[in-house]
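Got the viewer open? Take a short walk through this protein with me, one selection at a time.

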Amino acid sequence: RDLIPENHPRRESLLIREKLVEAMEKSILVPQGLIAHGRGECFDYLIGEKTQSFAEKAIEVAAAMLLLAKSPVISVNGNMAALVPEDLVKLAEEANAKLEVNLFYREVKRERAIAEVLYKANAKEVLGVGEDASATIPELFSERRRVSPRGIYIADVVLLGLEDGDRTEALVKMGKKVIAIDLNPLSRTSRTATVTIIDNITRAIPKLVLKVRELKSKSRQDLIQIVSNYDNRKIIAEALRYISERLNQLSLSL
Ligand code: PTJ
């Protein structure tokens, strides 16, 4: 951290890397999480490291969907806990959602470390730790299949970030609505989710908190209206077009 100069043009991005390395040292993050983040950084470059309009639209729909849900759950993995623990807790509070630890590389030590980070950030309850993850998502073979019977198992809306495609597919097959935050518009998660926020979790989660707060005053009818005309394929197509047009512009300006 001390080795990163104050005026380094990419200081913020480098500090995020430091956060991830620290989280890895505390067993919150797996080394594979660093690699996943690197892939994300590359896509973030391509979208200009800003929340673009395709993400703003998805954030609005996601906020309305969370407010309309009966049992919304925020699924937390190592990368999310390392980067945005306070905002995840705020989001859970604002949207009246539960927080559940769900890991691809599941280990009790990691589950506990992640729950501890969330409790430190003022979480009231964290599901999915140890014996609590006693229910099983059908047709899923990774450790992500183990979920809380009080949380993801009975949820109607699940928000997740940095995910492998298998669980998203399995959750959708169970009839759940899935809100995914993924910088890669081409990933299976992005293409399978009900709503895909193509943005960095470090920007998307705080923006989602604000949007939920803003939409809370709307009527149920207004919220249904926001959700009803949404087409996720259009959002993904918009992101891909944005990237290709941006690269085209950049190639002309060299
Ligand atoms: O903590 P665990 O055990 O659950 O493991 C988590 C990882 C991330 C290691 C695991 O889920 C994994 O291997 O994920 P993938 O299949 O690499 O997918 C991660 C996706 O998240 C990729 O499409 C990345 O582009 C994207 N991504 C990476 N960093 C960010 C991101 N999306 C949003 N914000 C980011 N900061």
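Here is the tour, from the whole chain down to single residues.

A word before you click: this is a predicted model, where local features need pLDDT of at least 70, side-chain atom pairs count only at pLDDT 80 or more, and totals for chains, interfaces and linings use all residues. Residues are numbered from 1 along each chain as its sequence is written, and side-chain values use heavy atoms, with hydrogens and water left out.

**Stop 1: the whole chain.** Show it as a cartoon and you'll find eleven helices and eight strands. These are DSSP runs numbered from the N terminus: H or I of at least four residues for helices, E of at least two for strands. The radius of gyration is 18 Å, close to the 18 Å that the globule rule gives for 254 residues, so the chain is as compact as a globular protein of that length. (That radius is taken over C-alpha atoms, and the rule is 2.2 Å times the number of residues to the power 0.38.) The C-alpha trace spans about 55 × 45 × 35 Å along its principal axes. Of the 254 residues, 52% count as buried; buried means under 20% relative accessible area, exposed over 50%, and partly exposed in between, with a 1.4 Å probe and protein chains only.

**Stop 2: the core.** Which residues touch the most other members of the largest nonpolar core? Select L159 and I197: they do, in a core of 63 residues. Such a core is a set of buried Ala, Val, Leu, Ile, Met, Phe, Trp, Tyr and Cys residues joined through side-chain atoms within 4.5 Å. Now colour helix α3 (residues 53-68), which gives the most to this core, with eleven residues. Another core of 14 residues lies apart from it, and includes A135, I137, V147 and A180.

Go back to L159 and show what surrounds it. Leaving aside neighbours within four places in sequence, L159 is in contact (heavy atoms within 4.5 Å) with residues including L66, V73, I179 and L208.

**Stop 3: helix α7.** Select residues 165-173. The buried residues of this helix are G165, R167, T168, A170 and L171. Add β1 (72-76), β6 (157-161), β7 (177-181) and α8 (188-192) to the view, as they are among what covers those residues. After α7 comes G175, with a positive phi near 90 degrees.

Just before the helix, pick L162, in the loop between β6 and α7. Its phi is also positive, near 45 degrees, though L162 is not a glycine. L162 counts as partly exposed, at 27% relative accessibility.

**Stop 4: N96.** Here's another non-glycine residue with a positive phi, about 55 degrees. Look for N96 in the loop between α5 (85-95) and β2 (98-101). Is N96 buried or exposed? Exposed: its relative accessible area is 67%.

**Stop 5: two buried helix residues.** Start with D44 in helix α2 (residues 31-46). D44 has 5% relative accessibility, so it counts as buried. Beyond neighbours within four places in sequence, D44 is in contact with E49, K50, L183, N200 and R203.

Finish at I201, in helix α9 (residues 201-215). I201 is buried too, with a relative accessible area of 4%. With neighbours within four places in sequence left aside, its contacts are N79, M80, L83, V84, L162, I181 and P206. Draw a last line, C-alpha to C-alpha, from I201 to R188: the two are 13 residues apart in sequence and 18 Å apart in space.
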